[in-house]
Amino acid sequence: MRQLKIWAGDPPVRELAKRLGVAPSTLSDLLRKTDKLPNFESLCDFLTGCGVTDANVVREWLFAWRRIKLNDYRAPRQLRQRRRSV
């Protein structure tokens, strides 16, 4: 998401937060937490706030989000299955 912010001209956090209608601290936390996936709505809002209007680009971002989210849910099941087979 930080790379997308840079792609959008690297607007100051305050300016981007104003576009998104969130507190600057909330946006700053979102950009800083690289180990946590934002919720779907936050990602959609962020894409809009960064000026992403190309439907193909939006689709790619949302597809990547879904792929990561699904992996988060699959990982524990895979670990449980491995434990049972050992």
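**Exercise 1. The nonpolar core**

Task: In this predicted model, find which residues touch the most other members of the largest nonpolar core, and which elements give two or more residues to this core.

Solution. Step 1: the largest nonpolar core has 13 residues, and L4, L16, L27, F46, L47 and C50 touch the most other members. Step 2: two or more residues of this core come from each of α2, α3, α4 (40–49) and α5 (55–85). Step 3: take L27 as one of these core residues. With neighbours within four places in sequence set aside, L27 contacts V13, L16, A17, L20, V22 and F46.

**Exercise 2. The chain as a whole**

Task: Describe the secondary structure of the protein chain, then give its share of buried residues and of contacts between residues 24 or more positions apart.

Solution. Step 1: the protein chain has five helices and zero strands, which in sequence order gives the pattern α-α-α-α-α. Step 2: of its 86 residues, 20% are buried. Step 3: take the contacts with a separation of 6 or more; 57% of them join residues 24 or more positions apart.

**Exercise 3. Helix α2 against helix α3**

Task: Classify the arrangement of α2 and α3 and list the residues that meet.

Solution. Step 1: the axes of α2 (residues 13–20) and α3 (residues 24–32) come within 8 Å and cross at roughly 105 degrees. Step 2: angles of 65 to 115 degrees count as roughly perpendicular, so α2 and α3 are roughly perpendicular to each other. Step 3: on the α2 side the residues are V13, R14, L16, A17 and L20, and on the α3 side P24, L27, S28 and L31. Step 4: sorted by class, the residues of this contact are seven nonpolar, one polar and one charged.

**Exercise 4. Helix α2 against helix α4**

Task: Repeat the analysis for α2 and α4, and state the handedness of the crossing.

Solution. Step 1: the two axes come within 9 Å and cross at roughly 115 degrees. Step 2: α2 and α4 are therefore roughly perpendicular to each other. Step 3: the crossing of α2 past α4 is right-handed. Step 4: L16, R19 and L20 of α2 meet D45, F46 and G49 of α4. Step 5: this contact of α2 with α4 holds three nonpolar, one polar and two charged residues.

**Exercise 5. K5 in helix α1**

Task: Decide whether K5 is buried or exposed, and list what K5 touches beyond four places in sequence.

Solution. Step 1: K5 sits in helix α1. Step 2: its relative accessible area is 10%. Buried means under 20%, so K5 is buried. Step 3: not counting residues up to four places away in sequence, K5 touches D10, P11, V13, L16, L31, F46 and C50.

**Exercise 6. The loop between α1 and α2**

Task: Characterise A8 and D10 by location, and assign the exposure of A8 and of D10.

Solution. Step 1: A8 is in the loop between α1 (2–7) and α2, and D10 is also found in the loop between α1 and α2. Step 2: A8 has 23% relative accessibility and so counts as partly exposed. D10, at 42%, counts as partly exposed. Step 3: A8 and G51 are 43 residues apart in sequence, with a C-alpha to C-alpha distance of 6.7 Å. Step 4: D10 has a positive phi of about 50 degrees although D10 is not a glycine. Most residues other than glycine have a negative phi.

Methods: Residues numbered from 1 in each chain as written. Predicted model: local features only at pLDDT ≥ 70, side-chain atom pairs only at ≥ 80, totals over all residues. Heavy atoms only, no water. Axes fitted to C-alpha atoms, helices over the stretch in contact; angles between N-to-C directions. Helix = DSSP H or I, 4+ residues; strand = E, 2+ residues; numbered from the N terminus. Parallel < 35°, antiparallel > 145°, perpendicular 65-115°, else oblique. Contact = heavy atoms within 4.5 Å. Nonpolar A, V, L, I, M, F, W, Y, C, P; charged D, E, K, R; others polar. Core = buried A, V, L, I, M, F, W, Y, C linked by side-chain atoms within 4.5 Å. Buried < 20%, exposed > 50% of the residue type's maximum accessible area, 1.4 Å probe, protein only. Left-handed = near helix turned anticlockwise from the far one by under 90°.
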